[in-house]
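Here is a walk through one protein model, from single residues out to the whole chain. Keep the structure open as you read.

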Amino acid sequence: MSRSKAARTAFVAGVGLAVIGLGTAVPAAASPAPAPAPYSGYTGSAAEAKANQAFFQAVLKSVAEKRAAHPNSAAAVTVTYDPSGAPTFSAQIARAAQIWNGAESNVKLQAGSSGADFSYREGNDSRGSYASTDGHGSGYVFLDYAQNQQYDSTRVAAHETGHVLGLPDHYEGPCSELMSGGGPGPSCTNPNPDANERARVDQLWANGFAAALDKAMSEKSLHKSGR
């Protein structure tokens, strides 16, 4: 659940202080440690929102180009992901894909290592989990170890996959909103998008994809004509 770097750093520092406080005896005269900032305070940033949108556009373009090269009659658009770079979270990634596939009719997620539209990675990063793209069709979802120990891993994976499908963060939302991310706090384990989020993704892949496919077909035609 990507957050602004400052917010993430503050969160990590707050968690570190909390762990130290729990594991160390505090003298009676000592003042109590300040409580961490409320999770609902996370509001993201303009740069974060731009990066998430860029990731969605990169995946959309990748899928559209493949479909233009190999058109088929399938009603739903298939987005292929490679989970091999995040073996620790393989079950959560598969569950996240299952959740989204059950929620949408215009787009479906499918695992595959060859020609994937995006991939998953895992590791340690003070920024937490996030979706990233270089802007040229190469995108990945990064799943942070520490964050996944604090939050429900399936919710984290489903949330980040929501960015792949075009949804922005909405940290001020309730736990029932998947894209509220870490806003409701670690006790929130809901991994399912709500009705509005489901409708928005279907709309994006019905209308947004059509425009992306038209562009890919146009570029393909220009390439063949040598222009």
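Start at Glu177. Setting aside neighbours within four places in sequence, Glu177 is in contact with Arg155, His170, Asn190, Asp194 and Glu197. Bear in mind that this is a predicted model. Glu177 sits in the loop between α5 (153-164) and α6 (195-224). Is this loop residue buried or exposed? Glu177 has 17% relative accessibility. The cut-off for buried is under 20%, so Glu177 counts as buried. One of its contacts is Asn190. Glu177 and Asn190 are 13 residues apart in sequence, and their C-alpha atoms are 8.1 Å apart in space.

Move to helix α5 itself. Ala157 lies in this helix. Its relative accessible area is 0%, so Ala157 is buried. What does Ala157 touch, leaving aside neighbours within four places in sequence? The contacts are Gln92, Ile93, Ala96 and Leu143. Gln92, Ile93 and Ala96 fall within the range of helix α3, residues 90-103. Leu143 falls within the range of strand β5, residues 139-144. Ala97 is a further residue to locate from here. Ala157 and Ala97 are 60 residues apart in sequence, yet 8.8 Å apart in space, C-alpha to C-alpha.

Now look from the other side, at Trp100. Trp100 is found in helix α3. With a relative accessible area of 1%, Trp100 is buried. Residues up to four places away in sequence are again not counted. Trp100 then touches Leu109, Ala158, Thr161, Gly162, Leu165, Leu167, Leu178, Pro193 and Val201. Pick out Ala158 from that list. The C-alpha atoms of Trp100 and Ala158 are separated by 7.7 Å, and the two residues are 58 apart along the chain.

Helix α3 also belongs to a local motif. β1, helix α3 (residues 90-103) and β2 make a right-handed β-α-β unit. Which way do its two strands pair? Strand β1 (residues 77-85) and strand β2 (residues 107-111) pair in the parallel sense, over 5 bridges. To see the register, find Val77. Val77 stands opposite Val107 in β2. Strand β1 has another partner. β1 and strand β3 (residues 118-123) pair in the parallel sense over 3 bridges. Here, Gly85 has Arg121 in β3 as its bridge partner.

Next come the aromatic rings. How many aromatic pairs are there? The count comes to 6 aromatic pairs. Take Tyr130 and Phe142. Their ring centres are 5.2 Å apart and their planes are at 15°, so the pair is stacked. The cut-off for stacking is planes under 30 degrees apart. This pair links distant parts of the chain, with Tyr130 in strand β4 (residues 130-133) and Phe142 in strand β5 (residues 139-144), 12 residues apart. Tyr130 is buried, at a relative accessible area of 10%. Phe142 is buried too, at 9%. Elsewhere, ring pairs link Tyr81, Phe118 and Tyr120 into a cluster. Tyr81 falls within the range of β1. Phe118 and Tyr120 fall within the range of β3.

Turn to charge. Side chains of opposite charge can pair when their charged atoms come close. A search of the whole structure finds 1 salt bridge. The side chains of Arg127 and Asp125 meet in it, at 2.8 Å from N to O. How accessible are its ends? Arg127 has 32% relative accessibility, so Arg127 counts as partly exposed. Asp125 has 18% relative accessibility, so Asp125 counts as buried.

Finally, step back to the whole chain. The protein chain has 6 helices and 5 strands. Read along the sequence, their order is α-α-β-α-β-β-β-β-α-α-α. Of the chain's 227 residues, 43% count as buried. The accessible surface comes to about 11400 Å², and 56% of that area belongs to carbon and sulfur atoms. What share of the contacts spans at least 24 residues? Among contacts between residues at least 6 apart in sequence, 67% join residues at least 24 apart. Trp100 with Ala158 is one example: Trp100 touches Ala158, and the two are 58 residues apart along the chain.

Technical notes: Residues numbered from 1 in each chain as written. Predicted model: local features only at pLDDT ≥ 70, side-chain atom pairs only at ≥ 80, totals over all residues. Heavy atoms only, no water. Pairing = 2+ DSSP bridges. Helix = DSSP H or I, 4+ residues; strand = E, 2+ residues; numbered from the N terminus. Right-handed = clockwise from strand over helix to strand, strands pointing away. Salt bridge = Lys/Arg side-chain N within 4 Å of Asp/Glu carboxyl O. Buried < 20%, exposed > 50% of the residue type's maximum accessible area, 1.4 Å probe, protein only. Contact = heavy atoms within 4.5 Å. Areas by Shrake-Rupley, 256 points an atom, 1.4 Å probe, with all protein chains shown as cover. Phe/Tyr/Trp six-rings, centres within 6.5 Å; stacked < 30°, edge-to-face > 60°.
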